[in-house]
Amino acid sequence: MAASEHIVGRGIGNKLILLSVVLVAVIWMLPIAWTLLLSLKPNSELMISTASAFHPPYTLKNYTDIFQSSGVFRWLWNSAVVSVGVTAGILILSSLAGYGFARAEFKGRDIIFVLVLLGLAVPEQAVIIARHQMFSDLKMHNTYPAIILPGLSSAFGVFLMTQYFKAIPKDIDEAAMLDNASRFKIFWKVLLPLTVPAQATLGIFSFLGAWNDYLWPLISATKPEMFTITVGMASTQTNFAQSEGLGFLMAQAIFAGLPVFIVYLFFQKYIVRAVAGAAIN
Amino acid sequence: MSSIELDSVSKRFGSVEVISELSLTIHSGEFIAFLGPSGCGKSTLLRMIAGLETVNGGEIRIGGERVDHLPPGARGVAMVFQHYALYPHMTVFDNLAFGLKNIGTPHDEIARRIEEAARILEIGHLLQRKPGQLSGGQRQRVAIGRALVKDPKAYLFDEPLSNLDAALRVRTRVELARLHQQTRATTIFVTHDQVEAMTLASRIVVMNARKVEQVGTPMEIYGRPATEFVARFVGSPAMNFLPVTVRDRTGLATAVLGDGSIIDTDVPVDLLSAGGELRVGVRAEAIHVRPDGAIPGKVEVVERLGDRTHLHIRLKDGSTLVAEDTGVSQVQPGDTVPLAVEGATAHLFDDAGLAYHARQ
Amino acid sequence: MTDVTLSPGKAVAAVKRPTGASIGPRWTNALFIAPYMVFYLALLVYPLFKGIWMSMLESDMFDDTSKFTGLANYYRLFNDKIFIGTIWNTIFFVLMTVPVFVAIGLLLALALNRSDRTSASLRAIFFGTSVLSVTIVTIIWKMMYMPGNGAIASVMRLFGLEPIAFITTASLALPAIAVTTIWWIIGLPMMLFLAALQQIPGELYEAAALDNASRWRSFWSITLPSIRRTMLVVVIYEIVAQFQLFGQAQLLTQGGPNNASRPIVLFIYEQGFRSWNLGYAAAASEVLFLIMAVAALAQFFASRKRVEG
């Protein structure tokens with residue numbers, strides 16, 4: 001991996017560098033550690049001073065409170081529905097379109113592909129007012145489709161899958177043609193199984209992106225029962241530190257962060273590969 | 001098995017014509033090699049027959065039926081690709097079965113055919129493996145097996161041996177020859193390796209720069225090359241070419257080299273067009289070191305091949321040639337040796353590259 | 001290969017269904033891209049043009065009508081001190097964050113471009129924060145910045161210093177958001193640089209070591225030239241991304257104090273979805289689009305000239 005780590009005579013320098021990075025990493029962890037500590041303290045004590053977080057007593061009451069009150073579960077469920085919906089939609093649309101742009105010829109295809117690539121340059125903010133208006137006209141706000149559908153227009157997945165399909169040797173398709181397979185069969189049975197690594201990459205990215213998306217769910221979902229966890233956590237911040245208590249809020253933050261953090265830990269290898277792949281292209 | 005007829009087929013990529021009005025008949029059961037350097041259009045021609053390239057003009061018929069508008073799968077041919085093109089995620093069994101399933105072959109028939117092909121190709125123990133777990137040679141066999149199970153009208157091979165190491169290539173060559181002798185299947189074999197073409201094919205189609213130079217049996221191609229290109233491309237070492245003037249020797253041509261020495265060819269003088277420069281073409285095995293040799297030459301490099309020796313020689317006028325000597329040749333670099341040329345096997349080439357041979 | 005007798009067997013009906021794919025263009029092939037194109041046209045292309053159209057309308061909240069006003073919204077925008085302020089705030093924010101993303105991202109990548117477990121864990125830590133949502137990140141950092149009970153305030157008191165109210169001080173609000181942002185997503189540039197570093201053949205460094213090149217010299221003459229392209233990717237990506245600053249500002253400072261930390265997107269959000277000046281908000285969003293396109297293009301051409309020259 002590292003290009004020069006084994007070169008003789010650089011051991012001490014390398015160790016010093018690593019040591020300083022470890023120090024930075026510890027500082028990096030402090031905000032999370034602080035949040036974790038606060039979440040384990042009774043709200044009444046924190047009202048007096050947050051310094052009490054450094055010594056016992058600690059309690060899990062803030063976490064058990066989440067299970068009893070608050071819309072956190074509803075919001076987590078909404079986030080799960082939205083994220084799974086966006087991910088599934090993007091995977092299906094991008095795989096089909098990626099195969100189409102990479103392999104299935106038709107008149108005007110290359111021009112359309114360039115137009116789709118231009119779509120990558122359009123930021124969400126440039127279309128969000130009009131999108132909001134469209135869903136208003138259809139009276140669709142505060143529904144799952146309204147939160148999910150705009151995410152499916154992103155050209156990123158199409159671009160990624162097109163690149164991936166293009167990298168598969170063409171003689172595989174040709175062998176399948178000689179084996180009398182139809183266009184769809186070549187896509188479905190022969191090439192799609194070969195794109196599993198790209199599907200994993202795109203899937204994780206889409207899932208995390210949808211889970212953490214803030215602006216669109218914020219303006220589309222205005223009823224608390226339709227909040228995603230990201231929007232819901234924002235709504236609790238506005239009455240910050242007062243009504244529900246600091247410790248409870250921190251516990252919510254930790255709890256809300258857990259699902260993505262678990263996804264991250266499980267799929268770390270894929271995420272790293274995905275970022276690396278995006279960089280090299 | 002079926003014949004394949006190409007009737008003045010043409011192919012353009014954009015405005016570049018890569019194959020122009022090419023006609024060719026491949027008889028049923030024949031093993032034909034398309035031989036030529038890379039970029040000569042031989043692979044394109046094969047892919048046109050397979051249906052993997054569009055045809056811009058002319059007709060292709062397989063077994064008498066016109067196919068050039070049919071999709072690849074409907075032409076009833078099987079192809080073995082240069083990089084094998086096995087389906088990486090399928091087992092060997094599924095690789096072989098895929099094409100049969102697609103045309104609705106019954107399961108027991110699929111199993112029977114795969115079993116038989118596996119027996120012939122000795123890949124029975126590999127059927128449940130994935131291509132990634134196979135060696136290059138094993139993949140090659142699976143690729144051939146995938147063609148075999150389809151019982152196709154014709155087999156198309158696109159440089160199938162070029163990815164094997166030297167030893168395996170020779171072995172597979174022999175196996176392909178044996179397989180063809182037993183199946184008698186119409187086969188087209190694309191290669192840039194003249195040894196593969198010579199050893200495998202019943203007829204060779206030599207192509208260069210998008211056109212056919214010559215069609216003939218291996219010995220016709222070797223013994224009576226139609227053009228200078230064929231003469232240079234086939235045979236190792238390449239044929240020697242020396243500029244000559246021609247004298248009439250009772251109807252046959254005598255070639256006079258630059259240093260004044262002569263080669264008595266059997267080429268009829270009346271075939272030669274008047275004017276224009278001529279060259280004599282002689283293979284190394286027709287030039288020997290003999291005490292009575294009439295042409296003196298200085299040896300520059302001695303290549304020992306064991307059974308014979310190639311001598312790279314410079315003549316007095318500066319031209320160079322390769323001569324053949326016995327395996328135990330005593331000749332050393334720097335020696336001046338007398339050379340004798342067997343004029344009976346010499347050919348003459350005009351400045352358009354056309355060849356003139358002795359009467360048969 | 002012995003005993004080859006391909007027994008004739010049961011005759012298989014020759015190509016029962018000639019359904020196999022053909023080469024060459026076929027209109028049916030367009031069916032593969034059709035589903036995506038529906039979404040692309042309906043939810044990206046159409047709203048893009050509808051947005052431009054809307055930016056030229058003045059909507060009336062009360063009877064839900066609107067009338068065409070040409071470039072009036074744009075004219076109003078450029079006379080709106082708050083909007084001009086948001087542009088400067090956003091540019092200031094980009095200038096604060098992008099160089100840091102490049103510098104720290106590259107430093108971390110250089111330090112952690114090793115194959116041992118410690119480096120792997122450290123990479124996981126620095127990248128791990130990027131998967132958190134903006135709302136969680138801002139909750140965490142509010143607890144850091146709070147003047148009374150915040151972690152930083154506590155530490156300052158420990159050293160006998162007067163705590164600073166970061167998010168309510170005009171000059172410190174935007175830098176505080178910048179620090180939070182860097183903490184949040186430094187992992188991405190780090191990973192991009194790591195990927196680029198791993199593309200550099202190890203032989204180059206070995207050759208340099210044999211040529212007595214110091215670590216510093218190797219960095220200047222091998223590493224930097226090899227990752228120029230990634231550097232460009234990171235810079236452009238971060239410019240575009242940081243121009244879209246929204247959640248951190250909305251949740252940490254609400255754009256305050258006195259608009260000191262209000263970015264363009266927050267302005268668009270508030271005009272569009274708090275005050276319901278849709279046309280005005282649409283015009284602001286087109287301006288943002290334009291600025292981002294120009295910034296990215298300028299950077300792209302500037303870097304390309306340098307790379308080629």
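**View 1. Contact between the two domains of chain B in the predicted model**. Six residues of domain 1 of chain B meet six residues of domain 2 of chain B. On the side of domain 1 of chain B that touches domain 2 of chain B, four residues are nonpolar, one is polar and one is charged. The domain assignment places domain 1 at 4-233 and domain 2 at 240-356 of chain B. From one C-alpha centre to the other, domain 1 of chain B and domain 2 of chain B are 38 Å apart.

**View 2. The hairpin of β17(B) and β18(B)**. Strand β17 of chain B covers residues 308-315, and strand β18 of chain B covers residues 320-326. The two strands run antiparallel. Seven bridges join them. One residue pair to pick out is L311(B) and A323(B): A323(B), in β18(B), is the bridge partner of L311(B). Four residues lie between the strands of this hairpin. In the hairpin, G318(B) takes a positive phi, near 95°.

**View 3. Contact between chain A and chain C**. Chain A brings 86 residues to this contact, and chain C brings 85 residues. Helix α14 of chain A, residues 246-280, gives the most to the side of chain A that touches chain C. Its contribution is 14 residues. By class, that side of chain A holds 62 nonpolar residues, 18 polar residues and six charged residues.

**View 4. Contact between chain A and chain B**. Here 13 residues come from chain A and 17 residues from chain B. Helix α9 of chain A, residues 170-178, supplies the largest share of the side of chain A that touches chain B. That share is six residues. The side of chain A that touches chain B has nine nonpolar residues, one polar residue and three charged residues.

**View 5. K170(A) in helix α9 of chain A**. This close-up stays with helix α9 of chain A, where K170(A) is found. K170(A) counts as exposed because 12 other C-beta atoms lie within 10 Å, and the cut-off for exposed is 12 or fewer. M226(A) sits 56 residues from K170(A) along the chain. The C-alpha atoms of K170(A) and M226(A) are separated by 46 Å.

Technical notes. Residues are numbered from 1 along each chain as its sequence is written. Chains are lettered from A and ligands numbered from 1 in the order in which they are written. This is a predicted model: local features need pLDDT of at least 70, side-chain atom pairs count only at pLDDT 80 or more; totals for chains, interfaces and linings use all residues. Two residues are in contact if their C-beta atoms, placed from the backbone, lie within 7 Å. Ala, Val, Leu, Ile, Met, Phe, Trp, Tyr, Cys and Pro count as nonpolar, Asp, Glu, Lys and Arg as charged, and the others, Gly among them, as polar. A residue is buried if 20 or more other C-beta atoms lie within 10 Å of its own, exposed if 12 or fewer, and partly exposed in between; C-beta atoms are placed from the backbone. Domain bounds come from an automatic or database domain assignment. Two strands pair if DSSP finds at least two bridges between them.
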